[in-house]
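The paragraphs below walk through one protein model, beginning with charged side chains and ending with the packed interior. Please keep the sequence and the structure in view while reading.

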Amino acid sequence: MISLAVFSLVLVGASTQIIQPGPCPPLTVQQNFDLPAYLDRWYQQKKYFNYFEENGICNTATYTLNPNETVAVRNYLFNTVTQEPDTILGYATVGSDSGEAKLLVSFPSVGNYDSPYWVLETDYTRFSVVWSCSEFATENLQFAWVLTRERFPDDATLAEIERVIADNQLADRWEITPNDNCPEDP
């Protein structure tokens, strides 16, 4: 029965996030994470394909601090099929007491599941490379996003991002997020 479940998971996930055998790899995350500096709007530059962003362009993520010390998460994209904006609201909590950039993100409208949100590296003002990995049976499922403060980052920022990707040996399965002719993100 477990083999059937794993096989089904692989079939469903094969066209989505990165699926690899074994546990999640031990990646290092940003230390001494400065949550207040991380807040505000980020523009998505590229990602591993995932079904929940399918047909999306002009993706943004906006983080603000809630009164209860959780982080309000607002993810936005423009859906090219429906020609409508799509927004999902959630929240994040810091999942580490050691100052590491390991957060847990939840979107209650699609289930109350905490997903890992690890900031591998950020300089807070130009870029952030985010990675998520969850283990299921004998496989791990990975997601990754590259976020920038500017919709169109400069070459130096892009080079720094590529260094972080190479240093962490992230799979070269990126999809570029279109950011041209974006409708206004309310």
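In this predicted model, the side chains of E162 and K46 form a salt bridge, with 2.7 Å from N to O. The two residues are 116 apart along the chain, E162 in helix α3 and K46 in strand β2, so the contact links distant parts of the sequence. E162 is partly exposed, at a relative accessible area of 39%, whereas K46 counts as buried at 11%. Side chains of opposite charge can pair when their charged atoms come close.

How many salt bridges are there by the rule used here? The count comes to seven. Another of them brings together the side chains of K47 and E175, at 3.6 Å from N to O. This pair also links distant parts of the chain: K47 is in strand β2, E175 is in strand β10, and 128 residues separate them in sequence. K47 counts as buried because its relative accessibility, 5%, falls under the 20% limit. E175, at 30%, is partly exposed.

Helix α3 also holds a salt bridge of its own. The side chains of E160 and R163 meet at 2.8 Å, N to O, and the two residues are three apart in helix α3, about one turn of the helix. E160 is partly exposed at 25% relative accessibility, and R163 is partly exposed at 29%. Through salt bridges that share partners, E121, E160, R163 and D167 are joined into one network. A156 is a further residue of helix α3, which covers residues 155-167. Buried or exposed: what is A156? A156 is exposed, because its relative accessible area of 51% lies over the 50% limit. Its C-alpha atom is 24 Å from that of P36, a residue 120 places away along the chain.

Strand β2 has already supplied K46 and K47. Seven of the nine residues of β2 are buried, which leaves the strand mostly covered. Which strands pair with β2? One is β3, which runs antiparallel to β2 and is joined to it by four bridges; in this pairing, W42 has A61 as its bridge partner. β9 is also antiparallel to β2, again with four bridges, and there the bridge partner of K47 is W145. β10 pairs with β2 in the antiparallel sense over three bridges. The bridge partner of K47 in β10 is E175, the residue whose side chain also meets that of K47 in a salt bridge.

Q44 is a member of strand β2, which spans residues 40-48. It is buried, with a relative accessible area of 4%. The side chain of Q44 makes a polar contact with the side chain of E53, at 3.3 Å. Beyond its neighbours within four places in sequence, Q44 is in contact with E53, N59, W145, V146, L147, T177 and N179.

Covalent links come next. A search of the whole structure finds two disulfides. One joins C24 to C133, with 2.1 Å from S to S, and it is left-handed, with -95° about the S-S bond. C24 lies in the loop between β1 and α2 and C133 in strand β8, so this disulfide ties together parts that are 109 residues apart in sequence. Both ends are buried, C24 at 19% and C133 at 10%. The other disulfide joins C58 to C182, with 2.0 Å from S to S. The torsion about its S-S bond is about -90°, so this link is left-handed. C58 is in strand β3 and C182 in the segment after β10, 124 residues apart. C58 is buried at 1%, while C182 counts as partly exposed at 22%. Counting bonded cysteines along the chain, the pattern is 1-3, 2-4.

The last topic is the nonpolar interior. The largest nonpolar core has 21 residues, and those that touch the most other members are F33, Y38, Y63, Y117, V119, V130 and L147. Elements that give two or more residues to this core are α2, β3, β4, β6, β7 and β9. β9 gives the most, with three residues. A second, separate core of 17 residues includes C24, L120, A144 and W174. For V119, the contacts beyond four places in sequence are V29, Q30, F33, Y38, A101, S128, V129 and V130.

Conventions: Residues numbered from 1 in each chain as written. Predicted model: local features only at pLDDT ≥ 70, side-chain atom pairs only at ≥ 80, totals over all residues. Heavy atoms only, no water. Buried < 20%, exposed > 50% of the residue type's maximum accessible area, 1.4 Å probe, protein only. Core = buried A, V, L, I, M, F, W, Y, C linked by side-chain atoms within 4.5 Å. Contact = heavy atoms within 4.5 Å. Polar contact = N/O pair within 3.5 Å; in protein donor to acceptor, adjacent residues only side chain to side chain. Disulfide = S-S within 2.5 Å. Pairing = 2+ DSSP bridges. Salt bridge = Lys/Arg side-chain N within 4 Å of Asp/Glu carboxyl O.
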